[in-house]
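Open the structure in your viewer and keep the selection box ready. We will go stop by stop, and each stop says what to select and what is there.

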Amino acid sequence: MSTSPTPPPGCPAHGVGPEGLRRLYGPEAEADPMGLYEKLRAEHGQVAPVLLQGDLPAWLVLGHRENLDVARTPSRFSRDSRRWRDMREGRVGPEHPLTPVAAWQPVCNFVDGADHERLRAAVTDSINRFDRRGIRRYVTRFANQLIDEFAGAGQADLVSRFAEHLPMLVMTQLLGMPESYGPRLVEAARDMIKGTETAVASNEFVMQTLQQLVERKRATPGHDFTTWLLEHRSALTDDEAIQHLRVVLIAAFETTANLIANTVLMVVTDRRFRASLSGGHMTLPDALEQVLWDEPPFTTILGRWATGDTELGGQRIKEGDMLLLGLAAGNVDPEIRPDLTQPVHGNRSHLAFSGGPHECPGQDVGRAIADTGIDTLLARLPDLQLAVAEHDIPYRSSLMSRHMVELPVRFTPKPSLPTQTASSELPAPRRSEPLPEAAGPRPPVAVPTAETQRRTSTWWRRWFSGH
């Protein structure tokens, strides 16, 4: 019987690269990222040397305390990627798979100091203007709409039918878009992340939609995030506003979809949660926080760059070195969680939303969407249960995250909610004027040129989906 040969150490498919350093990319890393983190912790301690795509050197921060140290001291570890030595010296060119996410952009998460304060203030102040009860009404309304689409079937994939759609439907309303744009933006965002041959076109659709949204809100302000962003004293340019809208939209979609899927899985499979929820000893927000400890939406965040020679976790860090925040690894650091079976009710000191000046500004909105959406789901389908064995749930891992691909469930078929009930109990969201039809009725499907298709396939697949 023939067997497949073991890839040589220099091959990207092999988990170990030059000088014996472990790769954070490739099949071995993507098969069991948490297992890899623990190997690195055993070998190097709380800060480990690793290799990124193209065998570029970096440091993966594994310790909880060390992650907070990096996140909270931008004077030592900057968010400005223009400090990255490998990029300055030409080893990270336009074709490199890290370039689209590491190249400097005019957004708050790529700057420090006064520039960061100006840009972030526009985002946080605008988010803080939302009425949390209003957000929950949006979530309840859209959750019920989505559930109505599959409630009568007695079975569904909750990733594609619920978790991936709910955050985007809510966010389009918060940003001041017509409700009809939600499904189209979900399709475009999924297309971008999966790295299909139309990913570039889908990104262009998102950008064009946001550009026209900004133009419309400049002319006709509304009671929404986009208007508040544009009217903020920080005086954002149109380009800055568009870039920040894109960051908010895609980040909210990605993280909240993961949080919803992982929490539903835990609630329907873990006896502790099912018993606690039904017995009233544990609230759904408690369950969300447990998931944020055990399955954070992002496993790592890229990146920080050392502003000078320094030391971290016993390792000598050189000026210009890249560091990755190991959120998932830090959450299971034995120094703070010696027994992972113990619940962490009421404890929000996890790293799921990072920390320091760049801590996720929209985390409470994400929590509200996930909490209210799952609560609505469980109320409508109280006998929800997994339709496959838990070990058969498919995942896709990459450098930054571990995605649940499908969540098949079954339940007693239920009728849709009466229209009059939905309209009387759930006030319709305040609609903004429709965007110009030039944005297109759906994400563009034209095949890009051969050059852009090759470029897209390279970095989207390797970065987001691990393919």
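The tour below visits sheets, helices and a few single residues.

**Before you start.** This is a predicted model, in which local features need pLDDT of at least 70, side-chain atom pairs count only at pLDDT 80 or more, and totals for chains, interfaces and linings use all residues. Residues are numbered from 1 along each chain as its sequence is written, and side-chain values use heavy atoms, with hydrogens and water left out. Helices (H or I, at least four residues) and strands (E, at least two) are DSSP runs, numbered from the N terminus.

**Stop 1: the sheet of 6 strands.** Select strands 1, 2, 3, 9, 6 and 4. They form an open sheet in the order 1-2-3-9-6-4, and the pairing is mixed. Two strands pair if DSSP finds at least two bridges between them. Which strands stand at the edges? Strand 1 (22-23) and strand 4 (77-78) do. Each has a single partner strand, so one side of each is left without a neighbour in the sheet.

Now zoom in on strand 4 and strand 6. They run antiparallel and are joined by 2 bridges. Pick F77: its bridge partner in strand 6 is A306.

Next, add helix 2 (residues 33-44). Helix 2 packs on the sheet and touches strand 1, strand 2 (47-52) and strand 3 (56-61). Touching, or contact, means heavy atoms within 4.5 Å. The direction of helix 2 makes about 130 degrees with that of strand 2. Such angles run from 0 to 180 degrees between N-to-C directions, and axes are lines fitted to C-alpha atoms, for helices over the stretch in contact.

Add helix 3 (residues 64-72) as well. Helix 3 lies across strands 2, 3, 4, 6 and 9, and runs at about 120 degrees to strand 9 (322-325).

**Stop 2: a cis peptide bond.** Stay with strand 6 (residues 301-306), which holds G303. The peptide bond from L302 to G303 is cis, with omega near -5 degrees.

**Stop 3: the sheet of 3 strands.** Select strands 5, 13 and 10. They form an open sheet in the order 5-13-10, with antiparallel pairing. Strand 5 (155-157) and strand 10 (385-386) are the edge strands, each pairing on one side only. Strand 5 pairs with strand 13 (residues 408-410) over 3 bridges. Click D157 to find its bridge partner in strand 13, P408.

**Stop 4: two helices side by side.** Select helix 9 (residues 166-175) and helix 13 (residues 238-269). Their axes come within 8 Å and cross at roughly 150 degrees. That makes helix 9 roughly antiparallel (an angle over 145 degrees) to helix 13. Now show the side chains. L166, P167, M168, M171 and L175 of helix 9 meet residues of helix 13, including L245, F253 and I260. The residues of this contact divide into 12 nonpolar, 1 polar and no charged. Here Ala, Val, Leu, Ile, Met, Phe, Trp, Tyr, Cys and Pro count as nonpolar, Asp, Glu, Lys and Arg as charged, and the others, Gly among them, as polar.

**Stop 5: three single residues.** Go to A235, in the loop between helix 12 (225-231) and helix 13. A235 has a positive phi of about 55 degrees although it is not a glycine. Is A235 buried or exposed? A235 is exposed, with a relative accessible area of 54%. Buried means under 20%, exposed over 50%, and partly exposed in between (1.4 Å probe, protein chains only).

Jump to S354, in the loop between helix 16 (327-331) and helix 17 (363-380). S354 has a positive phi of about 65 degrees, but S354 is buried, at 10%.

Finish at S126 in helix 6 (residues 113-127). S126 is buried, with a relative accessible area of 1%. Not counting residues up to four places away in sequence, S126 touches A121, F225, W228 and L229.

Conventions
Angles under 35 degrees count as roughly parallel, over 145 as roughly antiparallel, 65 to 115 as roughly perpendicular and the rest as oblique.
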